[in-house]
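Please have a look at this structure before reading on. My notes are meant for someone who has not seen it yet.

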Amino acid sequence: MAEKPNQDHHGERSREFITQQITGRNDRGKRMLKLAGKTMLVSLVFTATAVLTASALITRLHLIPFQGKGNHLEEPFHIGRDETETAAESKEQGGSEAASEAAGRETAKGAETNEKRTDGTAEAASAGETPGTAAPVTSESEARSLSMEDLVALNSRLQEAVNLADNSVASVTHLKEGKDWFDNSIQTEGVYSGVVIAKTGGELLLLTTAEAVNGADALTVHFQRGNSMSASVKCRDIPTGLAVLSLPITEENRGLLDTVEALPLGSSYRLRRGDLVMAVGAPLGIVHSADYGMISNITNGVNVTDGLASLIYVDCAGNAAGGTWVLNSDGELVGWATDVLSDARIPHTALLGISDFKDVLERMINGQASPYLGIKGTAVRKEQEAQGIPSGIYVIEEKKNSPAYEAGIQPGDILVAIGGKKVTSMREYTAALAQVGADAATTVEVMRNGRERYALIRYQLTMGAR
């Protein structure tokens, strides 16, 4: 009887111990669940933060221009380029007042964009967004990093543009037969560059230098991917130092020539000092060489034979005789190297802008010579007219053996009419020449200064062919 209470007490302690164990396990389970919940919450917060950070980085990268390899020539890079001519130029070329005002607005818009970019918003301007939406540069190291990325991407873009243009470049081999001192037949050759500027169903038209065709007994053209093909001279123009070759498209070469595209012709009127340009052809004197440079100076209204031209200096290599063709940042042909107007004191390559010679190129492509009178002149200004000088073209120089020289026109004469059409500007002068045409008889009227007054002199002459 004395042991039963002890047994009951022992049993109660056992049940109490088991209950404590169960309760402890329940508490540990609750603590584990709470820990797991906290862990999941932290993971969710971390994941959300990572997603937001990644989204911000992706948005930031989208604001950085020229990222990755997805930039092609279809979306070209522009450095402060005007997409249209100035209002004065448009008006002078016969545009309406509305067109002139539109051109002025476009030019002002381009200038405003350039100011915004110099204010540190180039990223937003390139991405087509307002300056306020561009992500701020927070550190000097980040700014340096972005500039390096832009430079690498720009270099990649330039490489792509040059490689694309090089597909339109060909080597032109000039072959000439001769005799040596012992009357043995010998053959000499020279290699020049040319670029495809037009393509029809039956022929490919190649622009090259006049030196490449002068005195040649045979001409062969070779593209990078194909055999040499014979070419003939379509037309040449001595004042510009250019020639156009015709390459017939046959069944034998059609497969190759179908892959060759003509270079698009750009506007040299839209070039500005500081623009980046690319030289292809033979800037180093070697065909398929290339170089890059910046436009250092543009001089408009330079006197050339029977017209005016823009003389452009760029700080890249150039070989006028071998053929150096200059492209803008859109990959368009905008000029070529010249020795005619270059200055030996200036260590830069001199170019002639294409826009002043598109009418000449069009005639050459069509196998037509341009009319040639052979003078260098400038329009008489209003203030000069007020001093008694007649309105017209002041003759600065006449080319030796030219139609003007043979007729007796002299420096100092004022040319006032061609073919009965009055001329008061160089634009009217070139238009009058074109209306007469090459190898055509016409009348040229000049005013010559005498002792007391200017006297009218009429010359009957035959227009030359350039």
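The numbered points below go from the barrel to the helices, the cores and two loop residues.

1. **The barrel.** This is a predicted model. Start with its closed barrel of 6 strands. The order is S1-S2-S3-S6-S5-S4, and the pairing is antiparallel. From one strand to the next, the twist averages 40°.

2. **S1 with S4.** Strand S1 covers residues 169–179, and strand S4 covers residues 218–222. The two pair in the antiparallel sense over 5 bridges. One pair to look up is threonine 173 and its bridge partner in S4, threonine 220.

3. **S4 with S5.** S4 also pairs with strand S5, residues 229–237. Here there are 3 bridges, again in the antiparallel sense. Leucine 219 has alanine 231 in S5 as its bridge partner. How many residues lie between S4 and S5 in their hairpin? There are 6.

4. **S3 with S6.** Strand S3 (residues 203–209) and strand S6 (residues 242–248) run antiparallel and are joined by 7 bridges. Leucine 205 is matched with serine 246 of S6. As a reminder for reading any of these strands, side chains in a regular strand alternate between the two faces of the sheet.

5. **A helix across the strands.** Helix H7, residues 358–365, lies across S2, S3, S5 and S6. Its direction is at about 135° to S5. Val360, Leu361, Arg363, Met364 and Ile365 of H7 are buried. Note that this list includes an arginine, Arg363. Just after the helix comes glycine 367, with a positive phi of about 75°.

6. **Helix H10.** H10 spans residues 426–436, and its buried residues are Met426, Tyr429, Ala432 and Leu433. Why do they line one face of the helix? Seen down the axis of H10, they fall within an arc of 120°, so they share one face. The general rule helps here: an α-helix has 3.6 residues a turn, so residues three or four places apart point the same way. The buried residues of H10 pack against strands S9, S13, S14, S15 and S16. Glycine 437 follows H10, and its phi is positive, near 90°.

7. **The cores.** The largest nonpolar core has 37 residues. Leu207, Trp325 and Trp336 have the most contacts inside it. Helix H4 (residues 140–166) gives the most to this core, with 5 residues. Another core, of 20 residues, lies apart from it. Among its members are Leu204, Leu206, Met229 and Leu257.

8. **Isoleucine 409.** Is this loop residue, between helix H9 and S16, buried or exposed? Isoleucine 409 is at 2% relative accessibility, so it counts as buried. Leaving aside neighbours within four places in sequence, its contacts are Val395, Glu398, Ala404, Val444, Val446, Arg448 and Tyr459. Valine 395 is 14 residues away along the chain, and the C-alpha atoms of the two are separated by 8.4 Å.

9. **Threonine 305.** This residue sits in the loop between strand S8 and S9. Its relative accessible area is 11%, which is under the 20% cut-off, so threonine 305 is buried. With neighbours within four places in sequence left aside, threonine 305 is in contact with Pro239, Tyr372, Gly374, Ile375, Lys376, Lys399 and Arg466.

Terms used
Residues are numbered from 1 along each chain as its sequence is written. This is a predicted model: local features need pLDDT of at least 70, side-chain atom pairs count only at pLDDT 80 or more; totals for chains, interfaces and linings use all residues. Side-chain values use heavy atoms; hydrogens and water are left out. Two strands pair if DSSP finds at least two bridges between them. Helices (H or I, at least four residues) and strands (E, at least two) are DSSP runs, numbered from the N terminus. Buried means under 20% relative accessible area, exposed over 50%, partly exposed in between (1.4 Å probe, protein chains only). The arc is that of the directions from the helix axis to the C-beta atoms. Contact means heavy atoms within 4.5 Å. A nonpolar core is a set of buried Ala, Val, Leu, Ile, Met, Phe, Trp, Tyr and Cys residues joined through side-chain atoms within 4.5 Å. Axes are lines fitted to C-alpha atoms, for helices over the stretch in contact, and angles run from 0 to 180 degrees between N-to-C directions.
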